[in-house]
Number of protein chains: 2
Amino acid sequence: MTARPIPEATVARLPVYLRVLVDLAGDGVETVSSEELAELAGVNAAKVRKDLSHLGSYGTRGVGYDVARLRLQMSRALGLVHTWPVVIAGFGNIGRALAKHEGFRERGFPVVAAFDVDPDLVGSTVEGVPVHHPDELTAVVAETGAAIGVIATPAAAAQQAADQFVAAGVRALLNFAPTVLTVPPEVSLRAVDLVVELQILGFHLAQTSEGARRGRRSAS
Amino acid sequence: MTARPIPEATVARLPVYLRVLVDLAGDGVETVSSEELAELAGVNAAKVRKDLSHLGSYGTRGVGYDVARLRLQMSRALGLVHTWPVVIAGFGNIGRALAKHEGFRERGFPVVAAFDVDPDLVGSTVEGVPVHHPDELTAVVAETGAAIGVIATPAAAAQQAADQFVAAGVRALLNFAPTVLTVPPEVSLRAVDLVVELQILGFHLAQTSEGARRGRRSAS
DNA sequence: TAGTGTGAATTTCTTCACAGCG
DNA sequence: CGCTGTGAAGAAATTCACACTA
């Protein structure tokens, strides 16, 4: 009776655990404790155990977790038994960098096509990735069986790209454009906004330098 | 008596509100309600009001928020009264894409230098960004007054880059390398891992296609 | 005995709902 | 009257602490 709903916070950490497990397996390690795994994943041991318990009971009391077994279960949970073809909308600096990025293919996310409005790019092939005009998006998604759409267009074009992906049946989107997208609830959407990340860091810089200038907080 | 500790969850949303406010100001809008702002930022109105209340009382009951005033307060909270110079360690696909990215300079985060071990790159200047050898990191950080370090090296070199940045006095890091970094508590660290993002999407794809295959969950 | 798995306590975040002000 | 600002309720995530077992 595996009552499934794995918490989102846990889901977001599973890929990190998986990466650590792959590294450990590569080093020939056969067993890890929650403590060791926590150290390597940058979290605490209680969280590791709680997270892993959502996948089932794959540990052995007094011993730890079998690396190979846990890795397999984790891969399965993350859907990595499949390969998920990725298509990229917008072939500017970021889109191109992603297309060239080897890590994606290696980890089961081959970039199979890209789209751009630039006539100089359309029809060309960059690092094995063919660049199409956005008009062909629906057809190319169908042909390639693309599962994930990456949006790397300018902000002004991002919602339209998202709409096209959704209309073409893509149910997972990764948005790099600096704008909020609206998609139907059955579509998974994640956003990576580089300027937002820098501004969050800026907030902390401002806080601490302000604190330094003005003196420490009052002790309670 | 402004008891400051703004919740992290709120801090992460402030940049999104700011972007919306800048857009609104550009459109000549002078006032927004929490409802409108919520719609544009992709959250709900109660959250907007609670978030903004942490900055102070900058709204007018019955009317809404003054766009210009709120924008100013938000910029101040995010430390955007300063410009924060950025340096990039690792000048591969991602590092280069970041260096070329116009949005950073425009929004107060000029990329002032990059580092790479590749002898063909060292000494060159790409899009106005000089590329140095990592040995010069401390000196260049001091000269440029860099406030934020971006790590775009291979995973194996990332911790060393982080250590060098920290030793040079950089107190904010943005890590793109697929590995967990350890830094002292006074250093702010954020991580962007593209493969992790794809794997999270993969999880949801696996869930929903599994659900579709196996039928709906039991009600109750 | 060492370390998992998990209820319970705690903290953090979100949402509700409404008093109060312009 | 309309909308903010906020206590209070609720939900989610984290952490504690320990019974249990390989």
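A residue counts as near a molecule or strand here if one of its heavy atoms lies within 4 Å of it. This is a predicted model, where local features need pLDDT of at least 70 and side-chain atom pairs count only at pLDDT 80 or more, while totals for chains, interfaces and linings use all residues. Residues are numbered from 1 along each chain as its sequence is written, chains are lettered from A and ligands numbered from 1 in the order in which they are written, and side-chain values use heavy atoms, with hydrogens and water left out.

**DNA strand D**

Let's start with strand D, which has 24 residues around it. The closest are A:Arg13, A:Asn44, B:Ser34, B:Arg61 and B:Tyr65. Of the strand D atoms that come within 4 Å of the protein, 62% belong to sugar and phosphate.

Some polar contacts (pairs of N or O atoms within 3.5 Å) are worth listing for both strands:

| Protein side | DNA side | Distance |
|---|---|---|
| A:Lys47, side-chain N or O | strand D, phosphate oxygen | 3.5 Å |
| B:Arg49, polar side-chain atom | strand D, base nitrogen | 3.0 Å |
| B:Arg61, polar side-chain atom | strand D, base oxygen | 2.9 Å |
| A:Gly59, backbone N or O | strand C, phosphate oxygen | 3.1 Å |
| A:Tyr65, side-chain N or O | strand C, phosphate oxygen | 3.0 Å |
| B:Arg49, polar side-chain atom | strand C, base nitrogen | 3.3 Å |

Which helix gives the most to the surface near strand D? That's H3(A), with 4 residues. Helices and strands are DSSP runs numbered from the N terminus (helices are H or I with at least four residues, strands are E with at least two). By class, the surface near strand D has 6 nonpolar, 10 polar and 8 charged residues. For that tally, Ala, Val, Leu, Ile, Met, Phe, Trp, Tyr, Cys and Pro are nonpolar, Asp, Glu, Lys and Arg are charged, and the others, Gly among them, are polar.

**DNA strand C**

Around strand C there are 24 residues, and A:Ser34, A:Arg49, A:Tyr65, B:Arg13 and B:Asn44 come nearest. Sugar and phosphate make up 61% of the strand C atoms within 4 Å of the protein. For this strand, H3(B) supplies the largest share of the surface, 4 residues. The class split near strand C reads 6 nonpolar, 10 polar and 8 charged.

**Helix packing**

Axes are lines fitted to C-alpha atoms, for helices over the stretch in contact, with angles running from 0 to 180 degrees between N-to-C directions. Between the chains, the axes of H5(A) and H5(B), residues 93-100 in each, come within 9 Å and cross at roughly 180°. H5(A) and H5(B) are therefore roughly antiparallel. Contact (heavy atoms within 4.5 Å) involves A:Asn93, A:Ile94, A:Ala97 and A:Lys100 on H5(A), and B:Asn93, B:Ile94, B:Ala97 and B:Lys100 on H5(B). That contact has 4 nonpolar, 2 polar and 2 charged residues.

Inside chain B, the axes of H2(B) (residues 34-41) and H3(B) come within 8 Å and cross at roughly 105°. That makes this pair roughly perpendicular. As for the labels, angles under 35 degrees count as roughly parallel, over 145 as roughly antiparallel, 65 to 115 as roughly perpendicular and the rest as oblique. H2(B) brings B:Ser34, B:Glu35, B:Leu37 and B:Ala38 to the contact, and H3(B) brings B:Ala45, B:Val48, B:Arg49 and B:Leu52. By class, that's 5 nonpolar, 1 polar and 2 charged residues.

**Domains**

Chain A is divided into domain 1 (8-77) and domain 2 (86-196), with bounds from an automatic or database domain assignment. Their centres, taken over C-alpha atoms, are 31 Å apart.

Definitions and conventions
A polar contact is a pair of N or O atoms within 3.5 Å; within protein, one must be able to donate a hydrogen and the other to accept it, and residues adjacent in sequence count only if both atoms are side-chain atoms.
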